[in-house]
Protein chains: 2
Amino acid sequence: MVSDQPKFVYDFAEGNRDLKDLLGGKGANLAEMTNIGLPVPPGFIITTEACKAYLHGGAVPPELADQVTEHLGTLEKTMGRSLGQADDPQLVSVRSGAKFSMPGMMETVLNIGLNDESVQGLAKQAGNDRFAWDSYRRLLQMFGKTVLDIEGGRFEEAFDGVKSRKGTTADLDLDADDLREIVGKYKGIIKEETGREFPQDPREQLDMAVLAVFDSWNADRAILYRRQERIPADLGTAVNVQAMVFGNIGENSGTGVGFTRDPGSGERGVYGDYLEDAQGEDVVAGIRNTVSLTDLEKINKECYDQLMDIMSTLERHYRDLCDIEFTIERGKLWMLQTRVGKRTAGAAFRIATQLVDEGLIDTDEALQRVNGAQLMQLMFPRFDEAATRRQIAKGVNASPGAAVGKCVFDSDTAVEWNDRGEDVILVRRETNPDDLHGMIASRGILTSRGGKTSHAAVVARGMGKTCVSGAEEIDVDLKARSFTTPAGVTVKEGEVVSIDGTSGVVYLGEVPVVPSPVVQYFEGTLPADSDELVAAVHRIITQADNTRRLGVRANSDTPEDSQRARRFGAAGIGLCRTEHMFLGERRKHVERLILADEDAEREAALAALLPLQREDFVGILSAMDGLPVTIRLIDPPLHEFLPDMTELSVAIAVKEAKGEPVEEKDRVLLEAVRRLHEQNPMLGLRGVRLGLVIPGLFGLQVRAIAEAAVECRKQGKDPKPEIMVPLVGAVQELETVREEALDILAAVASESGVDVPALIGTMIEVPRGALQAGEIAEFAEFFSFGTNDLTQMTWGFSRDDVEASFFSRYLELGIFGVSPFETIDREGVGELVRIAVEAGRAARPDLHLGVCGEHGGDPESVHFFHEVGLDYVSCSPFRVPVARLEAGRAAADITGSDTR
Amino acid sequence: MVSDQPKFVYDFAEGNRDLKDLLGGKGANLAEMTNIGLPVPPGFIITTEACKAYLHGGAVPPELADQVTEHLGTLEKTMGRSLGQADDPQLVSVRSGAKFSMPGMMETVLNIGLNDESVQGLAKQAGNDRFAWDSYRRLLQMFGKTVLDIEGGRFEEAFDGVKSRKGTTADLDLDADDLREIVGKYKGIIKEETGREFPQDPREQLDMAVLAVFDSWNADRAILYRRQERIPADLGTAVNVQAMVFGNIGENSGTGVGFTRDPGSGERGVYGDYLEDAQGEDVVAGIRNTVSLTDLEKINKECYDQLMDIMSTLERHYRDLCDIEFTIERGKLWMLQTRVGKRTAGAAFRIATQLVDEGLIDTDEALQRVNGAQLMQLMFPRFDEAATRRQIAKGVNASPGAAVGKCVFDSDTAVEWNDRGEDVILVRRETNPDDLHGMIASRGILTSRGGKTSHAAVVARGMGKTCVSGAEEIDVDLKARSFTTPAGVTVKEGEVVSIDGTSGVVYLGEVPVVPSPVVQYFEGTLPADSDELVAAVHRIITQADNTRRLGVRANSDTPEDSQRARRFGAAGIGLCRTEHMFLGERRKHVERLILADEDAEREAALAALLPLQREDFVGILSAMDGLPVTIRLIDPPLHEFLPDMTELSVAIAVKEAKGEPVEEKDRVLLEAVRRLHEQNPMLGLRGVRLGLVIPGLFGLQVRAIAEAAVECRKQGKDPKPEIMVPLVGAVQELETVREEALDILAAVASESGVDVPALIGTMIEVPRGALQAGEIAEFAEFFSFGTNDLTQMTWGFSRDDVEASFFSRYLELGIFGVSPFETIDREGVGELVRIAVEAGRAARPDLHLGVCGEHGGDPESVHFFHEVGLDYVSCSPFRVPVARLEAGRAAADITGSDTR
């Protein structure tokens with residue numbers, strides 16, 4: 001090969017696992033296995049660069065053909081026979097292999113090299129006619145479907161036709177003649193569909209298959225998949241060409257898959273399945289029953305021992321759980337694939353600590369082997385595994401959790417039953433925005449259509465509600481108010497089901513729910529050494545705490561939640577909302593405040609609220625004794641404390657229509673509701689604007705905070721209140737509020753003789769606040785990013801309105817990879833955060849920076865907040881452990897924030 | 001003076017007009033006049049640096065006293081007598097003088113140097129007892145009020161007490177003895193209020209007055225004024241100390257003010273008033289009738305000629321209209337002040353062209369002498385000056401225009417009368433958010449309270465509605481439904497008034513309204529040489545067109561508006577909204593579209609709309625033949641085309657309550673209204689989101705545009721459609737819409753055989769769109785900044801909701817200097833525009849950039865758009881000339897964008 005030619009083909013022996021960009025994931029691992037001396041059938045990889053050159057230029061690069069010829073020659077030399085050789089054909093497989101596994105692409109064509117002539121040679125060499133014709137049949141079928149793009153049903157029809165003529169349904173009942181007949185039919189289909197014969201030239205077969213792999217990179221499904229998964233469109237795919245080995249060539253042959261540890265539980269010891277006299281696809285198809293991998297010892301001790309050695313080698317080499325595929329051909333073991341294996345959440349934690357104990361990885365690396373999403377899964381309540389249960393269906397695990405309730409089939413019923421205290425599961429074919437109230441009223445949602453991006457799935461995840469979607473096997477009859485399973489079970493309205501949003505399984509009747517042992521550990525009711533899983537979580541979270549730079553606080557409005565947050569490891573309250581302190585019994589004071597005509601009346605209403613607010617703050621500051629508590633001044637518009645305009649209008653109009661008397665107070669109320677009504681309350685008179693417009697409102701709250709702090713101090717406690725002003729977009733807003741607040745703090749200090757310092761800071765939650773952060777920082781001791789509102793305003797959509805109406809469509813179109821309310825949108829919202837952090841710190845180097853939007857507890861987002869340099873994240877108490885873990889992971893590996 | 005001392009005091013002869021930062025505006029001009037040899041009473045200026053040092057350090061800089069002594073010495077030497085000298089006292093005035101004129105500050109103390117002893121000397125020297133005691137009286141009053149901070153009413157009370165005892169109301173009826181008595185009383189008040197005697201030491205008087213000027217920089221009113229006017233808080237003020245001259249020292253004395261041309265009309269020739277035997281404050285107070293400045297020629301020919309010479313010198317020197325203040329003391333003319341004079345809009349245009357003709361300025365500079373706000377004023381319809389009219393009140397000119405209508409005194413009545421076709425003027429004490437519907441229904445608004453930042457003023461300006469606010473002399477009686485003027489005129493509900501929002505004057509009865517000659521000129525119905533004003537506008541707008549870099553387009557949705565825009569000079573349509581094309585008769589198709597259960601039904605609704613839309617576009621493209629027309633695909637949420645939820649709910653509930661039948665179609669409609677109801681429609685399913693969720697909706701519009709263009713082409717026209725996608729925040733949104741649009745354009749081209757190219761671009765109106773502009777530019781041939789929505793989302797408030805509820809409060813607090821919906825917020829919204837322009841151009845150098853928010857026609861904003869590098873602005877047709885003018889001004893003077 002001339003040295004200045006681009007190198008488009010690599011022999012397995014030339015690659016390694018670090019070359020995934022160039023060789024794809026599968027190829028890089030095959031190369032790695034080859035290089036550590038494992039028995040891998042010889043082969044070569046056509047690089048992603050070749051694919052890109054082809055896709056870009058519209059033609060195969062001219063150098064490719066020669067390079068393939070050269071490497072094919074090496075393969076043939078190793079195997080001692082050539083591709084398609086008539087009397088003893090070498091067969092090869094062609095497999096796609098991108099950097100990231102992509103279900104949208106062409107995957108495999110086996111047995112390339114067979115044709116009308118070499119099938120005879122194969123039969124003779126194998127001493128097995130049936131095997132040879134079955135292999136040819138498989139080639140035609142795969143080639144026809146994936147290379148020639150013929151509808152797969154056409155082949156299956158022909159196959160089934162022969163079977164039914166023979167009166168059988170089992171493939172194995174077909175003999176060589178039957179298969180020869182099928183081959184004839186398949187060739188006819190190919191001629192008919194493509195207008196030309198199936199190519200008899202083995203090299204033409206190979207070249208066509210390679211091109212088909214290249215082309216499949218741009219198939220619609222692949223494009224959609226990439227968009228949804230945010231995989232760059234220009235990576236291209238590699239193509240693996242490998243000598244075929246056969247597990248279906250008689251009793252001394254077989255095929256299997258395995259894991260080096262149990263991927264379900266994390267138990268030590270190999271785990272897998274073996275199937276004698278079969279090809280890999282037969283294992284997947286589940287046509288015959290497999291045996292456990294450990295049974296291979298009895299079948300072929302030599303191969304078994306060799307496999308155990310190899311699996312041990314792979315695990316030490318990859319320093320992680322590996323999964324493998326292998327074939328035994330006439331007693332010889334061949335390794336066909338390996339990769340780091342997927343595992344359950346519990347297994348991930350157990351395996352990570354096992355590997356540390358075995359000296360294979362250090363504790364920092366252990367942190368990278370688990371993630372917050374897994375920890376979250378371990379914290380959901382689960383169905384009691386010991387309980388008897390009856391699975392009746394399985395769907396998509398759309399939103400995790402375990403929910404039990406009576407089935408209802410429409411949203412109005414869900415609301416009605418929930419109102420009278422019943423737990424319900426809303427069952428629908430699919431949900432739409434009309435079902436929102438029903439979804440809110442239900443414990444869980446079960447649908448028969450739609451996947452992880454369906455309306456039900458997206459909205460349920462947004463609500464944190466358990467959901468199983470797309471349980472296609474159930475037949476929902478809305479008229480009859482029931483659903484039926486294929487097994488004939490009919491579940492009527494009012495009957496109880498249990499749905500597992502983590503696994504997607506639906507059970508009949510009530511399955512008892514047990515609390516998560518991990519939560520019990522965090523709560524302190526289960527010791528760290530109670531079992532291997534809890535011990536693993538304990539070790540890893542401890543490592544995370546020792547590693548992380550980010551502080552973790554909780555969002556909490558009550559003493560109870562605050563105590564829980566503290567147990568879960570929160571180092572303070574990052575967001576204490578004060579809205580609920582105006583609800584319930586206190587609503588009457590707010591109404592009085594709103595309806596006040598005169599200053600005196602308004603001041604009286606505020607005065608009535610003061611002792612109540614003070615009491616609230618004493619409770620929270622006491623619960624968080626010694627830790628900071630960031631209290632946000634009232635944010636929502638006042639009309640939220642009044643009745644709904646439409647409901648009140650209807651109630652009054654109906655009374656009038658019936659000639660019934662309408663109370664004057666209701667009329668006054670309606671007038672106030674109308675006056676305060678806003679077209680877009682999210683963009684209305686709220687936050688700091690409210691504080692500047694309603695005299696005394698913020699003042700009341702600041703005084704309540706100051707007096708509560710004094711009271712705590714008098715009780716010997718160490719209160720650390722921080723006052724947070726919401727919705728600031730202009731520095732003058734904060735300046736004005738701050739001035740008043742400082743006066744009140746000084747007044748309370750002088751009245752009480754006790755001086756409790758309180759920081760004053762602001763939310764950064766409107767885009768302008770971020771853009772003006774440098775100016776604002778001069779009057780703020782801290783910033784807390786309100787990424788919920790910031791996301792709403794940066795994108796220009798409100799969560800309440802759009803999750804139901806277009807998020808599922810947007811996820812489907814790949815406009816979002818994930819809802820920007822779940823994971824922070826780095827490019828848009830994140831950019832504003834970055835701008836604000838830089839400008840804020842430049843203006844005030846000791847500015848304390850945190851985030852209190854829901855993103856504070858989202859794994860991927862925590863990494864972003866670490867990278868951008870915040871001091872802490874604040875999230876719901878339940879998410880505190882997740883944030884601690886991810887903050888540790890981010891600090892341990894700041895080079896890669898990918899939490900996939 | 002030691003040379004390394006900071007120089008805190010400048011003699012007038014040491015300064016010039018370019019030193020306004022250091023010497024303040026008044027001081028710099030006094031220095032300038034001194035240096036060009038005009039007769040200015042000698043004096044010196046204490047610099048803004050001295051003020052800043054004092055304010056910063058809390059004490060007068062130690063060097064100041066000596067420097068004042070030194071310069072005072074020079075003054076005394078020039079005048080030949082010393083400060084407060086007992087037998088012949090030199091008196092001085094102390095005046096504040098900041099860089100920008102600031103009404104919140106202390107202004108003047110005259111006659112410093114008088115005390116119980118020197119008043120006698122003054123009397124003897126002047127030969128006028130009364131004059132001396134009146135001067136002392138004035139000193140005590142001014143000093144008491146402004147230096148010692150005593151409530152002015154106390155002095156007036158004492159003064160009035162003596163007058164009423166003497167049975168007179170005229171100051172001139174008081175003799176020397178009376179004034180001596182008043183001096184005694186004033187000294188008593190000062191003792192009583194401050195606990196010490198009035199300082200007899202002239203230098204102490206001077207020093208105290210200087211400090212009072214310094215302190216007045218931080219008076220509450222001054223701070224508020226600065227905040228509102230966006231004047232930096234750290235400029236400080238200078239202090240002018242000047243030898244007193246007296247116009248009230250007998251018949252050969254007097255005082256006057258003048259303009260070098262008529263500031264009202266722009267007529268050539270001096271203009272002003274003169275008052276014999278008086279001080280400047282008497283002219284302002286209007287106690288006696290002044291004579292015209294030209295009459296001075298008869299009174300004192302010598303001084304008159306000298307003054308004419310000086311005025312001519314000043315005008316040539318300043319190359320602009322100047323206003324002056326002067327005093328004649330015993331036949332000698334003294335110049336006390338000059339500055340470039342304020343003038344009316346019409347005068348500005350006429351004077352600018354006069355000065356060009358006189359060779360004093362060039363045409364580029366003429367552009368800087370006028371501005372868009374003035375041009376706008378000239379374009380409002382005005383009351384017929386020839387018509388008889390009866391002024392009954394005057395208030396604040398809060399929102400320009402001329403409105404005539406019947407008075408109503410509450411908003412419900414305004415709506416009711418307007419609904420039956422009557423023009424109404426809403427009269428209130430003040431308005432509040434409850435009055436919004438009434439304001440919308442009225443031709444104009446008249447209030448008796450509140451200034452330019454009152455609720456009525458802010459909201460009216462936002463609506464472009466005529467408003468006179470704060471007409472304090474009228475007494476509004478809401479119960480009687482009438483208002484009364486001081487002259488006793490009572491106007492009842494239903495009686496007609498005419499209000500002039502440009503001047504603030506209120507007339508009784510109907511005053512005929514005449515169209516603006518300037519508009520008639522733009523319309524082409526009045527020739528450019530019809531009068532001097534029109535000729536001036538013509539010359540200046542022509543110069544602007546020749547100078548400007550920015551293109552000017554118009555926002556227009558109809559052929560009629562488009563034609564008008566073209567006449568007004570628009571080079572295309574920058575925003576053609578398509579919403580109205582779904583209203584009226586067509587609403588039924590939209591309802592059908594919304595209620596469609598099935599694809600076929602939806603497609604039928606769309607098909608019905610196609611020919612209608614096509615016809616619309618043919619109309620507009622024809623009107624703008626040869627010029628680009630940017631058509632925005634439908635933006636508002638669909639529920640805007642359905643009835644109001646509350647109204648429909650009430651209507652149905654009332655029918656039900658009365659037992660009347662409810663049509664099924666109404667129930668179905670209510671269900672749809674509920675389903676589509678959004679909490680925050682501004683942040684809901686609209687714009688590109690709607691296009692992606694409703695199949696075929698955008699497609700319909702694109703097809704209608706393409707077919708319309710083909711039809712125009714077939715008629716021999718040159719259509720230039722541009723397709724604009726609203727509300728894009730993510731590049732994938734645009735990519736998806738663009739793909740579909742290109743397919744449709746190609747399809748129409750191939751169906752018709754006519755290929756009309758159409759650019760495809762996007763609005764940048766959500767913050768994320770600006771932040772992602774680089775990515776978005778790859779799929780956009782143009783950007784149009786939608787600064788209305790961008791302002792709403794960047795600040796996080798919706799115009800509809802907040803202008804009424806808190807803008808007046810924000811303007812009052814100085815959080816806004818001007819509504820960000822009127823003038824673009826440079827720091828926040830402008831920053832996003834800047835980011836987007838840079839990223840967009842970097843990604844696509846030929847990206848065409850414009851703005852189509854209402855800011856496109858705002859003078860100050862046009863300068864910003866010029867600076868930031870846009871290609872064009874687009875505004876309402878009526879604003880097109882304003883935008884042309886300001887675009888020219890911006891290009892002629894890119895160093896200063898200040899349009900004040």
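Here is a short chat about the cavities in this predicted model.

Colleague: How many cavities of 30 Å³ or more are there?
Modeller: By this rule the count is two. The largest has about 70 Å³ of space, and the second largest about 60 Å³.

Colleague: What makes these spaces cavities rather than pockets?
Modeller: A cavity holds points where a 1.4 Å probe fits but cannot get out, whereas a pocket is open, so the word depends on the probe being shut in.

Colleague: What makes Ile705(B) a lining residue of the largest cavity?
Modeller: A lining residue has an atom within 4 Å of a point. Ile705(B) is listed in that lining, along with others including Pro721(B), Leu745(B) and Ala758(B).

Colleague: Which helices of chain B each supply at least two residues there?
Modeller: Those are α27 (697–714) and α28 (731–752). The largest share, four residues, comes from α27(B).

Colleague: How do you know which residue in that lining is the charged one?
Modeller: Asp counts as charged, and Asp755(B) is in the lining, so Asp755(B) is the one charged residue. Eleven others are nonpolar and none is polar.

Colleague: And what lines the second largest cavity?
Modeller: That lining belongs to chain A, with Ala706(A), Val710(A) and Val756(A) among its residues. In chain A, α27 (697–714) and α28 (731–752) each give at least two residues, and α28(A) gives the most, with three.

Colleague: Why is Asp755(A) called charged in that lining?
Modeller: Because Asp is one of the residue types that count as charged. By class, this lining has seven nonpolar, no polar and one charged residues.

Key. Residues numbered from 1 in each chain as written. Chains lettered and ligands numbered in written order. Predicted model: local features only at pLDDT ≥ 70, side-chain atom pairs only at ≥ 80, totals over all residues. Heavy atoms only, no water. 1 Å grid on protein atoms, 1.4 Å probe; cavity = no way out; pocket = protein on both sides within 12 Å on 5 of 7 lines; lining within 4 Å. Points joined across faces, edges and corners; volume = space filled by probe spheres on them.
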